Amino acid sequence: MSVKQKERPPELEQPSRQPLAGRTCLVTGGSCGIGRGIARELGRHGATVIVNYRSSEAAAHEVADVITDAETEGTAHPVQADVTNRDEVDAMREAIQDSFGPIDVLVNNAGITADCTLANMSHEDWHRVIDVSLHGSFNCTKAFYDDLATVDDGRVISISSVIGKQGNVGQANYAAAKSGLFGFTRSLALELADAGATANCIAPGFTLTEMVEAIPDEIQDDLRADIPLERFAHVSEIAGLVRYLASEESGYITGEVIDINGGLDL
Ligand code: NAP
């Protein structure tokens, strides 16, 4: 049997620890919305969670406190860094390594929108959306690459969007950034494979965050009407998939773009 063919019993015994206990997970943009849900889900399953934020310090501390105060093995720690800024990302890596050692899981979640039709889109809006989602994912993955390629079961999970597949009026910048993550992920999966680490993308449809809840009711109704399941995703549904991909059990899934969109592609 080759070295890479790991021996795992077909029926696992009842775990004595929580499934993510002992794993250190960095969630970029973990202060609110989907990132907050992911951080809490990973913490709930025993992980040490690093909650990255750019400006929402109080919110990030609150997320970390909720995770640490819960009656689980999980703990959490807020860390500030703008993912578009290489120096800040490198400083974040040093701070994390000093306190926690290498990370096992990187969740590239930070993302923004700046919607505008192409005819009216400024160069600044084009660049800043791509800077956060795509360049930010590159900056963080590069900074933590050695960790992820060295630990057992390293994981990179990038949060893309259904818009990366379908495109959307007024979102050429966002669609370009999010579909860029597909090619990034597939290439990364090939490069990490030798190390037994995986890279995957999740492409959510509309998800019930503060941003989506703020959309006027009649527009929400129109959006829901196009979705076969006739509802938006719950943050917990995205977070649950991230938790699975972060775990050792997901080790044979790599280079995938996994849709969570209520059947929008059907
Ligand atoms: P959100 O509520 O606006 O949260 C965005 C998070 O990203 C915040 O924590 C924010 O931190 C952080 N962030 C923004 N710029 C950053 C930067 N330069 N450096 C570090 N952190 C930064 O967004 P969301 O709706 O939860 O979306 C999360 C991810 O899911 C995004 O990648 C988004 O594209 C994707 N997504 C969302 C939906 C949806 O319907 N909500 C659907 C598909 C995909 P600060 O507040 O500290 O700036």
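Here are three short exercises on a predicted model, each with a worked solution. Residues are numbered from 1 along each chain as its sequence is written. Local features need pLDDT of at least 70, side-chain atom pairs count only at pLDDT 80 or more, totals for chains, interfaces and linings use all residues, and side-chain values use heavy atoms, without hydrogens and water.

**Exercise 1.** Find which residues are closest to the ligand, then find its contact with Ser-56.

Step 1. Take residues near the ligand (a heavy atom within 4 Å of it). There are 30, and the closest are Ile-34, Ser-55, Ser-56, Asn-109 and Tyr-174.
Step 2. Look for polar contacts with the ligand (a pair of N or O atoms within 3.5 Å). A polar side-chain atom of Ser-56 sits 2.5 Å from a ligand oxygen.
Step 3. Add two further residues. Arg-54 places a polar side-chain atom 2.9 Å from an oxygen of the ligand. Thr-207 uses a backbone N or O atom, 2.8 Å from a ligand oxygen.

**Exercise 2.** Count the disulfides.

Step 1. Recall that a disulfide is a covalent bond between the sulfur atoms of two cysteines.
Step 2. Apply the cut-off: two cysteine sulfur atoms within 2.5 Å. The count is 0.
Step 3. Check Cys-140. Its closest cysteine sulfur belongs to Cys-25, 14 Å away, so that is too far for a bond.

**Exercise 3.** Decide whether Cys-140 is buried or exposed.

Step 1. Set the classes: buried is under 20% relative accessible area, exposed is over 50%, partly exposed is in between (1.4 Å probe, protein chains only).
Step 2. Cys-140 has 0%, so Cys-140 is buried.
Step 3. Cys-116 has 22% relative accessibility, so Cys-116 counts as partly exposed.

How values were computed. Polar contact = N/O pair within 3.5 Å; in protein donor to acceptor, adjacent residues only side chain to side chain.
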